[in-house]
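Colleague: I would like a close look at one part of this model, and then an account of how the rest is arranged around it. Please take it step by step, since I am new to reading structures.

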Amino acid sequence: MSQFNFANTCEAVADAFPERDFIHFRDRVVTYGEFRSRSRKLANYLRSRGLGKVRERKELQLWESGQDHVGLYLYNGNEYLEGMVGSYMARCAPFNVNYRYVADELEYLLNDSRAKALVYHARFAPVLSQVLPKLPDLKVLLQVPDDSGNKLLSGAVDYEEALALAPDTKPDCTPSPDDLYILYTGGTTGMPKGVMWRQEDIFFAAMGGTLPTGQRIESIAQMVQLAKGLGPMLRALPAPPFMHGASHWVAFTTLHGGGTVVIQDSPERYDPDEILTLIEREKVTVTLIIGDAFAVPLVEQMDRKAYNLKSLKIIGSGGAILSPKWKAELKARFPGTMIRDAVGSSESGAQGIVVESKNPEDGNRFQLDPLSGIASEDLSRILTPADRETGWMVRRGLIPLGYLNDEAKTKKTFVTINNVRWSVPGDHAAYEPDGTVRLFGRGSQSINSGGEKIYPEEVEKALKSHPAVYDAVVVGTPHPKWVEQVTAVIQPRGDGRPSVDELNTHCASQLAKYKLPKAVVYVNEMVRSPAGKADYRWAKKTALEKLET
């Protein structure tokens, strides 16, 4: 059996480099040896509370989990990565919790995941307290101290006290490559879904399991040997929250390369000055951003203040479009830095990288990796570069098992074409004459604002609960900083015209702040199909016209 699971990989790197720095966070340095010790303690605490592996993979359907689930309701910090690896060591499956969720959204997520344990920052205790009575499966609460001053919730244990009481011996279980990596992402109806990967598959797909040549690492011994030379040069700063998959991928790729993860001092917000200061101070060599939403503030901040950023070798971008204009601005300010603009998803891992064009009007074109392709619109065949039709971007081989507890969505997203299983995340794409790929976007009409996926139907539902709203359709319209903003097209009830602020005050109890509309336009009559479905093309055209005037 292959050795690749994240408990074993962490153990191997810690054995090889126990004194090497793994995490720099504020004034704290966590070595690989200390990280391994703290992760083991968390694992042993979870085991002492009865959590761990329940059923092996061969006994389960693709959408089923045989493990206990641990939610990570945290800002970036050493506790987040300890929460992941400690859970893996205990054969639990950790998953990301969006800390922007309001109570109703949090309740849905924790019940959908059937979370048995939750590691959370004290700052989130007030929201969590509202939903605890409605979470029958949640048995273990570990509260991470912060500067909020919030006291322990009833039944919760202080995170540091729990670790202090647990031994740092190797846990009494044997992790498997079949153990799960779970990443929650938004669903097409706005409800988050847990994407389930085998750890071995996501290791090769996105977490450092391949060489620059594309070849897979053959053994943990080879991984450690590569990390011996690579590690001192690998100092990574993932700027997005760890609750986003891309930041997991950067952090674990750094772990497997024996490098150092640098975490911003104020992880609750995106502060370009802090990011640039850390790159300078920590001699960061790799950083991750989310498209224009992160690039624009960086460029503007560099125009205000000078930094010594010669250490930075790679800027990775994913999760949102990095437009040619702002890529050019980054290149002008980081002349010796490679900008790696990637495309991928929670359901596919990394699928390709942007190919540079001399004509900015060409937009972003991608070179797909060997395991990715484009399927026909009806999913009956895989297209070739000679085909001149739009289809679905797909990936085979290293793909997830399915969606947690959702048989129907698993079968819809992971399909068999010509006896090969493919992942179909929902991105429309087509080949260009030169063999590159043009990406058109999600068929689900999702809005990508600052790297966050926002689904119209969820926002529409909240808007239509306002007494002055008769009908509502939500679309994304261009925004200079966030790429897209949420724009509501509303047919009012009677003569009322509630303002954006009034609508958002009403919707704030139902939606996270980033999902609230930034603009509202009014129409006398909504255009819908005979079946009652929203005409999003008409709604977007109408919104753009009215916003221009």
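Modeller: Start just past the end of a helix: α7 is followed by Gly-208, and the phi angle of this glycine is positive, near 95°. Keep in mind throughout that the model is predicted.

Now go back into the helix itself. Helix α7 covers residues 199-206. How many of the residues of α7 are buried? Eight of the eight are, so the helix is largely enclosed by the rest of the structure. In chain order, the buried residues are Gln-199, Glu-200, Asp-201, Ile-202, Phe-203, Phe-204, Ala-205 and Ala-206. The cut-off behind this is a relative accessible area under 20%.

Two of those residues carry aromatic rings that can be followed to another part of the chain. The structure holds 16 aromatic pairs. One of them joins Phe-4 and Phe-203; the ring centres are 4.6 Å apart and the planes are at 20°, and the pair is stacked. Phe-4 lies in the segment before α1 (6-16), while Phe-203 is in α7, and the two residues are 199 residues apart, which makes this a link between distant parts of the chain. Both Phe-4 and Phe-203 are buried.

Phe-4 also pairs with Phe-204: here the centres are 5.2 Å apart and the planes stand at 75°, so this pair is edge-to-face. Again distant parts of the chain are linked, with Phe-4 in the segment before α1 and Phe-204 in α7, 200 residues apart. Phe-204 is buried, as is Phe-4. Elsewhere, Tyr-73, Tyr-75, Tyr-99 and Phe-124 form one aromatic cluster.

Next, look at a sheet in the same chain. It is an open sheet of five strands, in the order β4-β3-β5-β6-β7, and the pairing is parallel. Which strands stand at the edges? They are β4 (93-96) and β7; each has a single partner strand, so one side of each is left without a neighbour in the sheet.

Working across the sheet, strand β3 (residues 69-73) runs parallel to β5, and five bridges join them. Leu-72 has Val-119 in β5 as its bridge partner. On to the next pair: β5 (residues 115-121) and β6 are also parallel, over five bridges. Val-119 appears again here, standing opposite Leu-142 in β6. Between these strands the chain passes from β5 through helix α5 (residues 125-131) to β6, and this β-α-β crossover is right-handed. Finally, β6 pairs in the parallel sense with β7 (residues 157-158), over two bridges. Gln-143 has Asp-158 in β7 as its bridge partner.

Is strand β6 mostly covered or mostly open? Strand β6 (residues 140-144) is mostly covered, with five of its five residues buried. Both of its faces are covered: one side has Val-140, Leu-142 and Val-144, the other has Leu-141 and Gln-143, and all of these are buried.

Gly-208 was a glycine with a positive phi, but a positive value also occurs in residues of another type. Arg-91 has a phi near 65° and sits in the loop between α3 (78-89) and β4. Its relative accessible area is 7%, so Arg-91 is buried. Leu-379 has a phi near 60° and is found in the loop between β17 (372-375) and β18 (391-396). With a relative accessible area of 25%, Leu-379 is partly exposed.

To finish, here is the whole chain. The protein chain has 16 helices and 28 strands. A compact globule of 549 residues would have a radius of gyration near 24 Å, and the chain has 23 Å, which agrees. Along its principal axes the C-alpha trace spans about 70 × 55 × 55 Å. Buried residues make up 59% of the 549. Among contacts with a separation of 6 or more, 67% are between residues 24 or more positions apart. The accessible surface comes to about 23,100 Å², and 51% of it belongs to carbon and sulfur atoms.

Notes: Residues numbered from 1 in each chain as written. Predicted model: local features only at pLDDT ≥ 70, side-chain atom pairs only at ≥ 80, totals over all residues. Heavy atoms only, no water. Buried < 20%, exposed > 50% of the residue type's maximum accessible area, 1.4 Å probe, protein only. Helix = DSSP H or I, 4+ residues; strand = E, 2+ residues; numbered from the N terminus. Pairing = 2+ DSSP bridges. Right-handed = clockwise from strand over helix to strand, strands pointing away. Rg over C-alpha atoms; globule rule 2.2 N^0.38 Å. Contact = heavy atoms within 4.5 Å. Areas by Shrake-Rupley, 256 points an atom, 1.4 Å probe, with all protein chains shown as cover. Phe/Tyr/Trp six-rings, centres within 6.5 Å; stacked < 30°, edge-to-face > 60°.
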